Amino acid sequence: MYKYFQSGRFNIKKIIDKEYIKGTICQIKGDSSVPKNFQDENVANQYLKEIMELRSERFTVMCNSIQIGIDDGTIRSDVDPVEAAVLLSSIAKRMSDIPPDHEKILESRGIDHDKFVIDVEDLIRHMIMNYTKK
């Protein structure tokens with residue numbers, strides 16, 4: 001379904017406008033004044049609306065989780081939760097779509113998909129973790 005959604009058959013730009021961004025930011029902040037049209041937007045395709053709601057919810061959870069890590073000191077204080085969530089989301093999206101030639105290059109170096117995933121997780125951990133926490 002995700003690939004179908006990404007196929008271009010939906011006009012996602014009709015959904016992601018200033019009001020959508022404002023509504024997402026309100027949700028991240030835990031603001032109860034989420035714009036009404038963010039919730040009740042007239043979307044022709046119900047599946048598209050549900051996908052966008054799930055994406056927004058997932059993104060909010062990621063941002064809030066990163067902020068909790070910053071607050072408790074496990075994630076560096078200079079990490080922007082929104083920027084980190086966008087980066088993690090982008091990495092995760094591409095992990096399932098590694099070009100075959102890249103997979104072959106990794107395999108030639110003794111790196112299978114599982115090891116690659118572990119290595120990427122380790123790299124991300126080193127990018128955001130606070131190793132000076134006392």
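Start by selecting helix H2, residues 18-29, in this predicted model: the helix holds 12 residues and reaches 16 Å from its first C-alpha to its last, which is close to the 16 Å expected at 1.5 Å a residue. Show the side chains along H2 and pick out Tyr 20, Gly 23, Thr 24, Cys 26 and Ile 28, which are buried. Then step just past the end of the helix to Gly 30, where the backbone takes a positive phi of about 75°.

Now zoom out to the whole chain. The protein has 7 helices and 0 strands, and from the N terminus on its elements run α-α-α-α-α-α-α. Of its 134 residues, 27% count as buried. Among contacts between residues at least 6 apart in sequence, 56% join residues at least 24 apart.

Colour the model by confidence before going further. The mean pLDDT of the protein is 79, and 74% of the residues reach 70 or more. Among the elements, helix H3, residues 36-40, has the lowest mean pLDDT, at 52, while helix H6, residues 100-108, has the highest, at 92.

Select H6 next and find Glu 103, which lies in this helix. Glu 103 is partly exposed, with a relative accessible area of 34%. A distance drawn from its C-alpha to that of His 113 should read 7.8 Å, although the two residues are 10 apart in sequence.

His 113 leads on to the pairing of two helices, so select H5, residues 81-95, together with H7, residues 113-128. The two helices pack at an angle of about 170°, with their axes 12 Å apart, and that angle makes H5 roughly antiparallel to H7. Which residues of the two helices meet? On the H5 side they are Leu 87, Leu 88, Ile 91 and Met 95, and on the H7 side His 113, Phe 116, Val 117, Val 120, Ile 124 and Met 127. The residues of this contact divide into 9 nonpolar, 1 polar and no charged.

Keep H5 on the screen and move along it to Val 82, which has its place in this helix. At 37% relative accessibility, Val 82 counts as partly exposed. Leaving aside neighbours within four places in sequence, Val 82 is in contact with Ile 28, Phe 59 and Cys 63; of these, Ile 28 is one of the buried residues of H2 that were selected at the start. Gln 67 lies 15 residues away from Val 82 in sequence and 9.0 Å away in space, C-alpha to C-alpha.

Further along H5, select Ser 89. Is Ser 89 buried or exposed? Ser 89 is buried, because its relative accessible area of 19% falls under the 20% cut-off. Not counting residues up to four places away in sequence, Ser 89 touches Arg 58 and Met 62.

Go back along the chain to the loop between helix H4, residues 46-72, and H5, where Asp 78 is found. At 56% relative accessibility, Asp 78 counts as exposed. Label Asn 130 as well: Asp 78 and Asn 130 are 52 residues apart in sequence, yet their C-alpha atoms are 9.8 Å apart in space.

The last stop is His 126, which is found in helix H7. At 47% relative accessibility, His 126 counts as partly exposed. What does His 126 contact, once its neighbours within four places in sequence are left aside? The residues in contact with His 126 are Arg 76 and Tyr 131. To finish, draw the distance from His 126 to Ile 75, which is 51 residues away in sequence and 9.8 Å away in space, C-alpha to C-alpha.

Technical notes:
Residues numbered from 1 in each chain as written. Predicted model: local features only at pLDDT ≥ 70, side-chain atom pairs only at ≥ 80, totals over all residues. Heavy atoms only, no water. Axes fitted to C-alpha atoms, helices over the stretch in contact; angles between N-to-C directions. Helix = DSSP H or I, 4+ residues; strand = E, 2+ residues; numbered from the N terminus. Parallel < 35°, antiparallel > 145°, perpendicular 65-115°, else oblique. Contact = heavy atoms within 4.5 Å. Nonpolar A, V, L, I, M, F, W, Y, C, P; charged D, E, K, R; others polar. Buried < 20%, exposed > 50% of the residue type's maximum accessible area, 1.4 Å probe, protein only. Expected span 1.5 Å × (residues − 1). pLDDT = per-residue confidence, 0-100.
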